[in-house]
Amino acid sequence: MSEKIIPVTIDMFQPEVEDRMPETNRQLALLMRDRWGRDSLRFRKIMRAGGNLPEDAPKAIDDYVFGSSRIRYSLPEYVDLREFYLQNQKHAIGIIEFYHALLPALDGLELKDEISLLSDRPSNLFELASMPEGQIDPVLAYEAHRHILVTDISAMIASRTLNNRLRTRLSDVHRLLNQVYFSGPVGAGSRVVLGSIHDDETNQVIGFPNTMQRIPATAHLKTVPTTVRKIRREVIDVGKDELMVYTSPRKKDDRLAVIKCLVKAKKNGGVVDINHMDTGVLDPIGMIIVLMDDRAKPEELADKTASIINSDPKLRVVGVEKDDKTGKDHGQAAEMNFSARRRTWFEDIQVPLELIFYDRETYLNSRLEVGTRDPQTGLHNGRAHELYGNRRAEEGFTILFPKKRFPVNSPDCSGRAFINRSLLYAEELRAMYKVS
């Protein structure tokens, strides 16, 4: 195994040797050697020539892949290597299934059974990817090639969370908040209905029932059932009644995280680097906290919350970063999609815990806003998560489904399919929670 980790690049997703740059082919060979072992190049050469995989090769490949994963992904000792491999294999399969579910009208996106039913033995995938031309369907051969690359990206992302023990730290933070932040018994919550008035076309919040005398003819009322918790007056005193907030864990969808990596690699010379300062994918786990009324500002609550976390010596906080900027690149909506953000850094942990604070208007828009249609792409540019995911997926489609293997990769086919999906999402979002 080489000392330097060979990164995945966008050019590696090209289906044929002649479609890729010579340097890419050299790097791809090194990547495959690192993933399967030095002997794998000899095994692959034998199979490409029409021979059979040597009898002792499968076990050698499996042992090498699991053993090298510990080093390649810097995995803690407690991580079960076979389970880690299997989990990231499922993520890689899930990404393609996500596209198939997103664009059901497009033919050819569904995975072949040989990939969707892969075992937990890496040697099976190696054997599939090493079959000579004429003995394997070209699309299946490419699916195996793509699966190897996507699994590696997924593993890089997953290992960062594992290595930095963020889930453990998030649990510690939540335990602290239950003790000194939230009011009432642990886990106690009240069911409320959040009413809001939305523009008929953009589905953007234009007001609330208690602030508007009447609903305009071009708008409608939505009622969103929500479970809320109360914050102690010692934290923030807003009068007679304690401040109510909605809370939820926050974690990037594993499928969208991989797609985001590929899309952002376009700004990094085509190299997928999840830790790159500008083009990497931070996307830490954390919590969202939504204020249910206007008696406090998100920034005020964000500072008080960060102060409580920072004051607990057991958490070993080394810094709190105020970052209220929202991304504007690759599919993000132009408007703010949160109100305040605090990233908390801990000792010996390289990835921060992220706390996102919303006022109720911004939160509802992040879930429901349709916006308008982009004149260039035809896609809706609203802040709703489904629309954002659709825009991001559209940008990653050409990488994962190269036209040489998937003829539907054309503006007439895939472009129209993404537009139709955007129109469908917009229709569903406008109708969601609507009071007739």
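Me: Why is Tyr433 called partly exposed?
Reply: Tyr433 has a relative accessible area of 27%. Buried means under 20% relative accessible area, exposed means over 50%, and partly exposed is what lies in between, with a 1.4 Å probe and protein chains only. The value for Tyr433 is therefore in the middle class.

Me: What kind of model is this, and how are residues numbered?
Reply: This is a predicted model, in which local features need pLDDT of at least 70, side-chain atom pairs count only at pLDDT 80 or more, and totals for chains, interfaces and linings use all residues. Residues are numbered from 1 along each chain as its sequence is written, and side-chain values use heavy atoms, with hydrogens and water left out.

Me: Where is Tyr433 placed, and what is its phi?
Reply: Tyr433 sits in the segment after helix 13 (411-431). Its phi is positive, about 65°, although Tyr433 is not a glycine. Ser74 is also not a glycine and has a positive phi of about 50°. Ser74 lies in the loop between helix 3 (57-72) and helix 4 (81-102).

Me: What makes a stretch count as a helix or a strand, and how many of each does the chain have?
Reply: Both are DSSP runs numbered from the N terminus: H or I over at least four residues for a helix, E over at least two for a strand. On that basis the chain has 13 helices and eight strands.

Me: What makes Val224 a buried residue, and which residues does Val224 contact?
Reply: The relative accessible area of Val224 is 2%, so it counts as buried. Val224 belongs to strand 3 (residues 219-231). Contact means heavy atoms within 4.5 Å. Leaving aside neighbours within four places in sequence, Val224 is in contact with Val192, Val193, Leu194, Leu364, Arg367 and Tyr433. The C-alpha atoms of Val224 and Val192 are 8.4 Å apart, with these positions 32 residues apart along the chain.

Me: How do you know that helix 9 is largely enclosed by the rest of the structure?
Reply: Helix 9 covers residues 254-264, and nine of its eleven residues are buried, so the description follows. Among the buried residues are two lysines, Lys260 and Lys264. Cys261 is on the list as well, and its relative accessible area of 3% is why Cys261 is called buried.

Me: Which part of helix 7 comes close in space to Arg255, and is that residue buried or exposed?
Reply: Ser154, found in helix 7, has its C-alpha 8.4 Å from that of Arg255, although the two are 101 residues apart in sequence. Its relative accessibility is 4%, so Ser154 counts as buried. Beyond four places in sequence, Ser154 contacts Asn88, His91 and Val258.

Me: Why is Met131 called partly exposed?
Reply: Its relative accessible area is 22%, so Met131 counts as partly exposed. Met131 is in the loop between helix 6 (122-129) and helix 7 (138-163). Outside its neighbours within four places in sequence, Met131 contacts Met47, Arg48 and Ile136.

Me: How do Leu106 and Cys413 fare under the burial rule?
Reply: Leu106 has 8% relative accessibility and so counts as buried. Cys413 has 32%, so it counts as partly exposed. The two are 307 residues apart in sequence and 7.4 Å apart in space, C-alpha to C-alpha. Cys413 is one of the residues that Leu106 contacts, with Phe397, Val408, Ser414 and Ala417. Leu106 itself is in the loop between helix 4 and helix 5 (113-116).

Me: How many disulfides are there, and what makes a pair count?
Reply: A disulfide is a pair of cysteine sulfur atoms within 2.5 Å. By this rule the count is zero.

Me: How do you know whether the radius of gyration agrees with that of a compact globule?
Reply: The radius is taken over C-alpha atoms, and the globule rule is 2.2 Å times the number of residues to the power 0.38. For 436 residues the rule gives a value near 22 Å; the chain has 24 Å, which agrees. The C-alpha trace spans about 80 × 55 × 35 Å along its principal axes.

Me: What share of the residues counts as buried, and what share of the contacts joins residues 24 or more positions apart?
Reply: Of the 436 residues, 53% count as buried. Among contacts with a separation of 6 or more, 69% come from residues 24 or more positions apart.
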